[in-house]
Each structure stands twice: as structure tokens, then as C-alpha cells.
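Let's work through a few exercises together, each with a solution that goes step by step. Keep the model open beside you as you go.

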Amino acid sequence: AETGHRHLLAGDHRGLGRATACLLQQRGFHFATSHYAGRQSGYMGVALAWPSAIFSCEVVNTTCIGDDLQVPEFMNSNGPNGRGRNGLFSPWKLIQQLRQRWRRWRMGQSLRDIEDAVRLARRRYNRALFAHLSRPEAQGGRTDICIGTYHMPCLIGGAVERMAMALHARSVNQLAARHQSDAAMRTGRAGIPLVLAGDFNIKASDDSLLAAVKSGKLSEEFNDLIEAYNGRGRASSIEFQSAYATGPGGTGDEPEFTNNAWPSFIEEPFRETLDYIWYADGNPVST
């Protein structure tokens, strides 16, 4: 769940956190939350809750996606001097640096846009929250599941903003894969079902950004970004499916809208799908 506290308890996010936790505990739920914004945005954050009588919590992890992002090599380089991080000269390192300098010159403005996009993505404090839960079975053994939630930055603009969102989208997918892999190592079993839900601020018609969330890979729209990273930023990813589109009775499409708003500063109502429930390695119903 995405949590915003602007209209509650006069912005006292600590008091609201305690009140919400107590309310859920009375209803038999465990509550985990992570806030990342200030008073101006209503102390926005993310939260997870699960029935404590059914599930035991093995691990809870929260990650600031901006802090988790890698930076392209050219943004760390002061110039081709043939020296690596250890300070020692290497002909191969010099060749790499010269290639990077040539690539930077050839890409020109697009590379400057990439620098701006990376800096913008790293400045955003949006966090992902994951939990590894387990449930004992009557016949022995146990069932494990990973759950997560994320709130994507709402960046409206041009190429720079879209690249920043693509970096966040790819990173949250890779983070989910890492969390699932860690759960597999703890249990000794691969393929633990994972569910990721949240406000991704991506329209259902935006195939490029959705692909980054669903597969952890960047589409052709972001070829300059792929080239600038030159292999950096690659990590294990996960293949997500939409629980709404592919579940029982699903039409293969997302809902008509999940957001229906008409702020005073726009002329027409905003009706789009921005929120999604993704799953991997499991049936959406049994999961």
C-alpha cells in the first residue's frame, strides 16, 4: 500500500504510524512501513500488512532505489589515465577509458541527458519494501511467499524524466529478484512465489516503461541509456505477470483505470491505470 498522511493527525506521521500499527494489531495483522518524504508531501511512504496468525515473518527489507542505482562508468571517470581504482596503471584500463571518452564524444547531447537522468533518479527517495513470509502446513513442512510494494516517482516531462523512471523500474525488478533469491538461499528451495504491488505511475499503454518493470530489461527506446551503461547495472531479473490481466477471468488487459482524479489545475478528469499487482513463480489465486 502507498501511504500518505497529509490529512490525518495534522501531519504527525509518527503518531499515525503508531495508531495504524495498533489498529492492525488489534485486527490480527502485522504492519511494516517505511516513509521517505517530508511534510510537504504528507510523509509519503510504503507499507505491508499480513495476518500474523497465518504467516510468520522471516525477513523484512526496505531499500531506497536511488541509493541502489549504479552510475555509468563515464560519470566516475576524470579522464583517460590508464589507472584503475587501485591507482595502478593498466593498458587495458587505458583502452577502456579511451573507448568511454570516444563514446561520450559520439553521443553528445544524449549523454548529457543520461547524466541528468541518472542524477534525477538518484535524487528520488522512493523506497521498495519486501517481506519473506512463511506458513506451516498441517501435514508438515511449510509454504513460503515473498511480498513487496513500491511507489514509483511521478516524473512528468521528456526524455530525461522517462529515463529516470526506466532506471527505477529496472532496479525494482532486479531488487525483487534479489529478494526472491535470498529467500531461496534461506529455505533451500527455488521458485518461491513473489507478489509485487504498488503505484507505478505508468500508464497501461506505456509498453516501454512497463517492460522495464515486468522483465528488468530496457526497451529500444532506451538504447542510449543501455549503451552508456555499457553492461554496468546488469543483474539478475525476474519475469512478472499481471495478476489482473492473467488471473482467472482475466481478459489479458489491465483495468480501465485505477486512478480517477480531477485536480483543479487540469481541464479534464484523469482516468488511467497506474497501479498494478505483479506475480512471479506461482498461480495468482493460490499465491
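Below are the ground rules, followed by five exercises on this chain.

**Ground rules**

This is a predicted model, in which local features need pLDDT of at least 70 and side-chain atom pairs count only at pLDDT 80 or more, while totals for chains, interfaces and linings use all residues. Residues are numbered from 1 along each chain as its sequence is written, and side-chain values use heavy atoms, with hydrogens and water left out.

**Exercise 1.** Describe the chain as a whole.

*Solution.*
- Start with secondary structure: there are 8 helices and 11 strands. Both are DSSP runs numbered from the N terminus, helices being H or I with at least four residues and strands E with at least two.
- Next comes burial: of the 287 residues in the chain, 42% are buried. Buried means under 20% relative accessible area, exposed means over 50%, and partly exposed lies in between (1.4 Å probe, protein chains only).
- Then take the contacts (heavy atoms within 4.5 Å). Among those between residues at least 6 apart in sequence, 67% join residues at least 24 apart.
- Finish with the surface: the accessible area of the chain is about 15,700 Å², and carbon and sulfur atoms contribute 51% of it. Areas of this kind come from the Shrake-Rupley method with a 1.4 Å probe; for residues, only the protein chains shown count as cover.

**Exercise 2.** Count the disulfides, and compare the exposure of Cys146 and Cys154.

*Solution.*
- Apply the rule that a disulfide is a pair of cysteine sulfur atoms within 2.5 Å. The count is 0 disulfides.
- Now look at exposure: Cys146 is buried at 0% relative accessible area, whereas Cys154 is partly exposed at 48%.

**Exercise 3.** Find the partner of Glu115 in a salt bridge, and place the pair in the fold.

*Solution.*
- Recall the general idea: side chains of opposite charge can pair when their charged atoms come close.
- Set the cut-off: a salt bridge needs a side-chain nitrogen of Lys or Arg within 4 Å of a carboxyl oxygen of Asp or Glu. The structure has 9 salt bridges.
- Identify the partner: Glu115 pairs with Arg119, with 3.5 Å between the closest N and O atoms.
- Place the pair: both residues sit in helix α4 (residues 109-123), 4 residues apart, which is about one turn of the helix. An α-helix has 3.6 residues a turn, so residues three or four places apart point the same way.
- Check exposure: Glu115 is buried at 11%, and Arg119 is partly exposed at 42%.

**Exercise 4.** Which parts of the chain does the salt bridge between Arg189 and Asp144 link?

*Solution.*
- The closest N and O atoms of Arg189 and Asp144 are 2.1 Å apart.
- This pair links distant parts of the chain, 45 residues apart: Arg189 is in the loop between α5 (159-187) and β7 (194-199), and Asp144 is in strand β6 (residues 142-151).
- Arg189 is partly exposed at 36%, while Asp144 is buried at 4%.

**Exercise 5.** Test the length of α5 and judge how enclosed this helix is.

*Solution.*
- The expected span is 1.5 Å times one less than the number of residues. For the 29 residues of α5 that gives 42 Å, and the end C-alpha atoms are 42 Å apart, which agrees.
- Of those 29 residues, 21 are buried, so α5 is largely enclosed by the rest of the structure.
- Just after α5, Gly188 has a positive phi of about 80 degrees.
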